[in-house]
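This report covers the nonpolar cores, strand pairing, helices, salt bridges and selected residues of one protein chain. The sequence and structure come first.

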Amino acid sequence: MSEFWLISAPGDKTNLQAWERMNTVTSKSNLSSNSKFHIPDLKVGTLDALVGLSDELGKLDSFAESVIKKIAQYIGEVMEDSKDKVQENLLANGVDLISYLTRFEWDMAKYPIKQPLKNISEALAKQVTQIETDLKTRSAAYNNIKGNLQSLEKKTVSSYVQWQKTYESLSDMVVPRSTKMIAEDAEGGLFTVTLFRKVMDDFKAKARENRFMVREFYFDEKELKCEKEELMKLASDKKQQYGPLLRWLKVNFSEAFVAWIHVKALRVFVESVLRYGLPVNFQAMLLQPNRKSVKRLRDVLNVVFKHLDEVAAASIMEPGMDIPGLQLSNQEYYPYVYFKVDLSLLDSS
């Protein structure tokens, strides 16, 4: 299962014992695979700044996730016939995504921790926005070449047998046995037909009704040569762009994914400080739930950490309870800090 839960609880003695209990129960019952998620000592700033930053990071999280999904999907489009190999091209810092996530280390060089949290957030936002902008530009250029190439290649009439059976009867004054195939590709064949000019419009209309694509053909060797050269040039341009484009996509998928996980780490830090207070003392953990044990795992976590927020825990354990003064938003809320990291969003790319 490529869904992970990134959670945190206070790091005091009582809660470290709770972590041990959780690890013991989840490993014994095979509920999840757990690993510590290391977040460095970041600069806290003011409480007001943290509250504002919490909202901004939520939006940035969704944006970064959408960008990595776009890149992954476009890699699939570009690879065309090799779509089954897309997953092996989705790497982060040269390793597979699960390995990067479970062994996460904050990139001190790229995101120095001595600066304010807002600066780190803005640097991440700027980086992901630039990647998205470049993706739009590069994909538009490649899609233009690809589209022009496909348009030239599709100037064909398909359904050979149907064509041979019907072309003479599509209108009056069609020269019998005048059709000849002059070109063929994976999409179909291009045929000529000879007819009197005065029935040309009627023939075109009837041909379209029978789902044949028609265009007037005047034998012009120069024009045919130009068209063939254009086809070869477009095919060559597409081939030349393919390698550099795929390399760019792989590099920037990695950059965007790394940025996204740093955003997740920032969110855990900010929410943990807001939830558990100062001085900063919390432990973050990454859980990979067993697909069949999601509900059981959630129940275990709620029992182990219910002391952190008795009211919220009670509402979760008994959803029908009406608890005065408790207002939960649409976002999932638990007694502990919780964020989902869903890698399954990349499975269908």
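## Nonpolar cores

The largest nonpolar core holds 63 residues, and within this set Phe37 and Phe257 touch the most other members. Contributions of at least two residues each come from E1, H2, helix H3 (97-102), helix H4 (117-153), H7, E7 and E8. H7 is the leading contributor to this core, at 18 residues. The model is predicted, and the values in this report are to be read in that light. As background, nonpolar side chains in soluble globular proteins tend to be buried together.

Setting aside residues up to four places away in sequence, Phe37 touches Leu6, Leu101, Phe104, Ile261, Ala265, Gln283, Ala284, Met285 and Leu286. Separate from the largest core is a second one of 17 residues, with Trp5, Trp19, Met22 and Leu287 among them.

## Strands E1 and E8

Strand E1 (residues 3-10) runs antiparallel to E8, and six bridges join the two. One of the residue pairings is that of Glu3, whose bridge partner in E8 is Asp342.

How is strand E8 placed with respect to the rest of the structure? E8 spans residues 337-342, and five of its six residues are buried, so this strand is largely enclosed by the rest of the structure. E8 is also one of the elements that supply at least two residues to the largest nonpolar core, as is E1.

## Helix H2 and Ser54

Helix H2 covers residues 47-79, which is 33 residues. From its first C-alpha to its last, H2 reaches 48 Å, close to the 48 Å expected at 1.5 Å a residue. Just after this helix, Glu80 has a positive phi of about 45°.

Ser54 is located in H2. Is Ser54 buried or exposed? Its relative accessible area is 16%, and because the limit for buried is under 20%, Ser54 counts as buried. The Ser54 side chain makes a polar contact of 2.3 Å with the side chain of Glu271. Beyond residues up to four places away in sequence, Ser54 touches Val270, Glu271 and Leu274.

## Salt bridges

The salt bridge count for the model is eleven. In one of these, Glu80 pairs with Lys238, and the closest N and O atoms are 3.1 Å apart. This pair links distant parts of the chain, with the two positions 158 residues apart: Glu80 sits in the loop between H2 and strand E3 (91-92), and Lys238 belongs to helix H7. The two partners fall into separate accessibility classes: Glu80 is partly exposed at 29% relative accessibility, whereas Lys238 is buried at 17%.

Two further salt bridges lie within helices. Glu122 and Lys118 meet through their side chains at 3.7 Å, N to O. These two residues are separated by about one helical turn, because they are four residues apart in helix H4. Glu122 has a relative accessibility of 43% and is partly exposed; Lys118, with a relative accessible area of 39%, is partly exposed. Asp202 pairs with Lys206, and the closest N and O atoms are 3.2 Å apart. Asp202 and Lys206 are likewise four residues apart, in helix H6 (residues 200-209), so about one helical turn separates them. Asp202 is partly exposed at 36% relative accessibility, and Lys206 is partly exposed at 30% relative accessible area. Salt bridges with shared partners connect Glu56, Lys118 and Glu122 in one network.

## Val280 in the loop before E7

Where is Val280 located? Val280 is part of the loop between helix H7 (221-276) and strand E7 (282-289). With a relative accessibility of 33%, Val280 counts as partly exposed.

Which residues does Val280 contact, leaving aside neighbours within four places in sequence? The contacts are Val44, Phe269 and Val273. Val280 and Leu42 are 238 residues apart in sequence, while their C-alpha atoms are 9.3 Å apart in space.

How values were computed:
Residues numbered from 1 in each chain as written. Predicted model: local features only at pLDDT ≥ 70, side-chain atom pairs only at ≥ 80, totals over all residues. Heavy atoms only, no water. Buried < 20%, exposed > 50% of the residue type's maximum accessible area, 1.4 Å probe, protein only. Contact = heavy atoms within 4.5 Å. Pairing = 2+ DSSP bridges. Expected span 1.5 Å × (residues − 1). Core = buried A, V, L, I, M, F, W, Y, C linked by side-chain atoms within 4.5 Å. Salt bridge = Lys/Arg side-chain N within 4 Å of Asp/Glu carboxyl O. Polar contact = N/O pair within 3.5 Å; in protein donor to acceptor, adjacent residues only side chain to side chain.
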